[in-house]
Protein chains: 2
Amino acid sequence: MLIVQKYGGTSVGTLERIENVAARVIETKKSGADVVVVVSAMSGVTNQLVDYASHYTKDPDGVAMDMLLSSGERVTCALLTIALINLGYPAVGLSGRLAGIITDSVHTKARIEAIDTKRMKEELKAGKIIVVAGFQGIDEKGDVTTLGRGGSDLSAVAIAGALDADLCEIYTDVDGVYTTDPRIEPKAKKLDKISYDEMLELASLGAKVLQNRSVELAKKLNVNLVTRSSFNHNEGTLITKEESMEAVLVSGIALDKNQARVTLRGVVDKPGIAAEIFTALAEKNINVDMIIQNVGQDGTTNLGFTIPQNELHVAKECMDKLSASREILYNDEIVKVSVVGVGMKSHTGVASLAFQTLANEGINIQMISTSEIKISMIVDQKYGELAVRALHEAYKLDK
Amino acid sequence: MLIVQKYGGTSVGTLERIENVAARVIETKKSGADVVVVVSAMSGVTNQLVDYASHYTKDPDGVAMDMLLSSGERVTCALLTIALINLGYPAVGLSGRLAGIITDSVHTKARIEAIDTKRMKEELKAGKIIVVAGFQGIDEKGDVTTLGRGGSDLSAVAIAGALDADLCEIYTDVDGVYTTDPRIEPKAKKLDKISYDEMLELASLGAKVLQNRSVELAKKLNVNLVTRSSFNHNEGTLITKEESMEAVLVSGIALDKNQARVTLRGVVDKPGIAAEIFTALAEKNINVDMIIQNVGQDGTTNLGFTIPQNELHVAKECMDKLSASREILYNDEIVKVSVVGVGMKSHTGVASLAFQTLANEGINIQMISTSEIKISMIVDQKYGELAVRALHEAYKLDK
């Protein structure tokens, strides 16, 4: 039995909390499992380091930045190792390099390419608890790289995959995955299980428990993920393969407030025009989410798409250069409400219930996009919370 | 022309000071020299990390401790690199590992065994300013090690030696080496040059500018050391080979307040007894400084020695176990006053002037020890400053 545990910034936010983490790790070890612990920087540390660098420039050198950023996780890693050894449990702290995490050379947002498990296997064989500094690896050249936002989760999942761990537990300050954000709908319930795909939709739609990259990697490596709180002993939410769970019609409702809509009116309706627009956006690394094209008049068409709000100004620059249309409208006072559930695949009427529910509340739907397991609707910002609560009740998620 | 510069904790104590350091480094680079910069942790950081660890235990695991401690220098290294690049100068930040610093495995006080200069030479060839995280290296196993107190100076000297640098500048918050501590004798003067051996004596005697290990290494590697301030542009003090300077009779007066005296009365006067005592102390890593043995009575002898004050309690434990003598006296209210100068080698009467000077002031000398270039005298603590001032004047160091 091998368990990989990952503790986030708030879970290791103080010296006392690191002691609590040590106690939890030891509990797991005592239960007979081998344990690899992946840690984040103490909460606030990474932001402080970023602030330090921004004293000099807004666009710091990536190689140096990674050397800077990676230091936060090393501190937590060393402290937890010291705490464990002091409690009588042999432990070893490994930086990303020593844990064998090899990445590409895209500094500050590197991708894990391989994990050389030799050192970790040796240490596990020697009976040691391994503590790994998350969020970091090294590239071919031997320089330190960092994995970007949510990087420690990625480290944990990748290590769990490479070591063929039985479980990868992601500890945060929330109990697990909820049917919707409990701050919006107090009747929201914690889910015991959810499929990778549902989690992917929920994560990309604003559920902040896990980053998409980690869930994708877990799915790819077939890692059983559990997200749970380090502040209590409640069972968390297991994220796993779909076939291992009963199909639920709808698992959750997500609200994504970080959305902006761009509408191009009077786009010349000729082949290649859409490609031109979205290639331009892709070159600026703008993540386009929903795309809708309508038939227009006079040989022109209307094209609408949504992007993250904070990428709106870059998108504007892009669009200004293209001048592919007569008129461009920007709207960042919108939100995306989504209904997610694997059960949709085999049930009809799921979407129409959503549309009917919003209509009953007098909420106009501006854009719709659907996937096999998701219905997303763009509505006015001011209706976001109301839409979530109405849908949560309509799909009986509080029962 | 290659210059290695090392900036200590106070010189990089704030983000603004790191900017100042960047400006200084660029000045040097502009003068046509290649530059390797070695940096310490920002002042206070290493102590904070030590405090963190001491939350868990007084005796933290060495391997983890080195991972912890080494992070401070990495942060400074990355920030200075970012600042330099932002000012338009290609630079690369290297951890001890990437700078090729190989040490033994004595964690928290490792010794540098070799420097693999390959990466540094490549980066210099590419025209880059190299910033190295001081105080750290890696051992054979690949684990991070730290070099102990004064470790960043050691890093700088070792790198200067390995790269055959023309100069190794150690920047601190003082202007250089003084004839004595200016806080004791305001007439103290800064020395332009001093020999390695004199510096060694002064360093070991309480002049806090440089650690002995660094001076020893500079002497061994024949590195021209300069100690100067990062807060002004005053010329510092050059520490170099003796033959390259005119012999000065006396270079400086040092006061070491961190001394304690142990006197063993009635030691059985038989072969091997001294060896037994000092082996016991050596096993506890106690640095014995002066040793004096007098003929006693009844086949016994009196043995006196001095040790660092903070090692007195360990020494007491040692002595209690040995019970090699009838009576043991401990005194930590003493100081060591030393007169240092290479000129002593070829001049007579230097020592007698010291003894006469202290006698004139009514100061009793408890112990005397001399070397080729040094006279050290143990006196009552309360006379320390007076002795320094009197000797400073007697040897005309204020002229």
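Reader: What makes A:E361 partly exposed, and where does A:E361 lie?

Author: In this predicted model, A:E361 lies in the loop between α10 (350-360) and β17 (367-371) of chain A. Its relative accessible area is 38%, and because buried means under 20% and exposed over 50%, with partly exposed in between, A:E361 counts as partly exposed.

Reader: Which residues does A:E361 touch, leaving aside those up to four places away in sequence?

Author: A:E361 touches A:L386 and A:A390 on that basis. The C-alpha atoms of A:E361 and A:V248, which are 113 residues apart along the chain, are separated by 25 Å.

Reader: Why is B:T263 called buried, and what does B:T263 touch?

Author: B:T263 has a relative accessibility of 16%, and since buried means under 20%, B:T263 counts as buried. This residue lies in strand β13 (residues 252-268) of chain B, and, not counting residues up to four places away in sequence, B:T263 touches B:L303, B:G304, B:E327, B:I328 and B:L329.

Reader: Why are the pair A:D153 and A:K6 called a salt bridge, and what does the pair tie together?

Author: The side chains of A:D153 and A:K6 meet at 2.7 Å, N to O, and because the rule asks for a side-chain nitrogen of Lys or Arg within 4 Å of a carboxyl oxygen of Asp or Glu, the pair is a salt bridge. A:D153 lies in helix α5 (residues 151-162) of chain A and A:K6 in strand β1 (residues 2-7) of chain A, so the pair ties together parts that are 147 residues apart in sequence. Both A:D153 and A:K6 are buried.

Reader: How do you know that B:K399 and B:D398 form a salt bridge, and is each of the two buried or exposed?

Author: The closest N and O atoms of B:K399 and B:D398 are 3.6 Å apart, and the limit is 4 Å, so the pair meets the rule for a salt bridge. B:K399 is exposed, with a relative accessible area of 69%, whereas B:D398 counts as buried at 16% relative accessibility. A search of the whole structure finds 28 salt bridges over all chains.

Reader: What makes the salt bridge of A:R119 and B:D143 one that joins two chains?

Author: A:R119 lies in helix α4 of chain A and B:D143 in the loop between β7 (136-138) and β8 (144-146) of chain B, so the pair joins two chains. The side chains meet at 3.1 Å, N to O, and A:R119 is buried, with a relative accessible area of 13%, while B:D143 counts as buried at 4% relative accessibility. Across the interface of chain A and chain B the rule finds 2 salt bridges. Salt bridges that share partners join A:R119, A:E123, A:K128 and B:D143 into one network.

Reader: How many residues does the contact between the chains take, and what area is buried?

Author: The contact takes 41 residues from chain A and 40 residues from chain B, and the area buried between them is about 3,400 Å², of which carbon and sulfur atoms give 68%. Between chain A and chain B the count is 10 residue pairs in polar contact, both residues being at pLDDT 80 or more. On the side of chain A that touches chain B, α3(A) gives the most, with 16 residues, and the residues of that side divide into 23 nonpolar, 9 polar and 9 charged.

Reader: How do you know that the two copies are related as by a two-fold rotation axis?

Author: Chain A can be laid on chain B with an RMSD of 0.1 Å by a turn of 179 degrees and a shift of 0.1 Å along the axis; the two copies are thus related as by a two-fold rotation axis. In chain A, the C-alpha nearest the axis is that of A:S71, 2.7 Å from it.

Reader: Why can one say that the copies meet through the same surface?

Author: Of the interface residues of chain A, 98% are also interface residues in chain B, so the copies meet through the same surface.

Reader: What is the phi of B:D164 and of B:N222, and where do these residues lie?

Author: Most residues other than glycine have a negative phi. B:D164 has a positive phi of about 55 degrees although it is not a glycine, and B:D164 is placed in the loop between α5 (151-162) and β9 (167-172) of chain B. Phi of B:N222 is near 60 degrees, also a positive value in a residue other than glycine, and B:N222 is placed in the loop between α7 (212-221) and β11 (225-229) of chain B. At 64% relative accessibility B:D164 counts as exposed, whereas B:N222, with a relative accessible area of 42%, is partly exposed.

Key. Residues are numbered from 1 along each chain as its sequence is written. Chains are lettered from A and ligands numbered from 1 in the order in which they are written. This is a predicted model: local features need pLDDT of at least 70, side-chain atom pairs count only at pLDDT 80 or more; totals for chains, interfaces and linings use all residues. Side-chain values use heavy atoms; hydrogens and water are left out. Helices (H or I, at least four residues) and strands (E, at least two) are DSSP runs, numbered from the N terminus. Buried means under 20% relative accessible area, exposed over 50%, partly exposed in between (1.4 Å probe, protein chains only). Contact means heavy atoms within 4.5 Å. Buried area is the accessible area (1.4 Å probe) that two parts lose on being put together, summed over both. A polar contact is a pair of N or O atoms within 3.5 Å; within protein, one must be able to donate a hydrogen and the other to accept it, and residues adjacent in sequence count only if both atoms are side-chain atoms. Ala, Val, Leu, Ile, Met, Phe, Trp, Tyr, Cys and Pro count as nonpolar, Asp, Glu, Lys and Arg as charged, and the others, Gly among them, as polar. Copies are superposed by least squares on the C-alpha atoms of residues with pLDDT of at least 70 in both.
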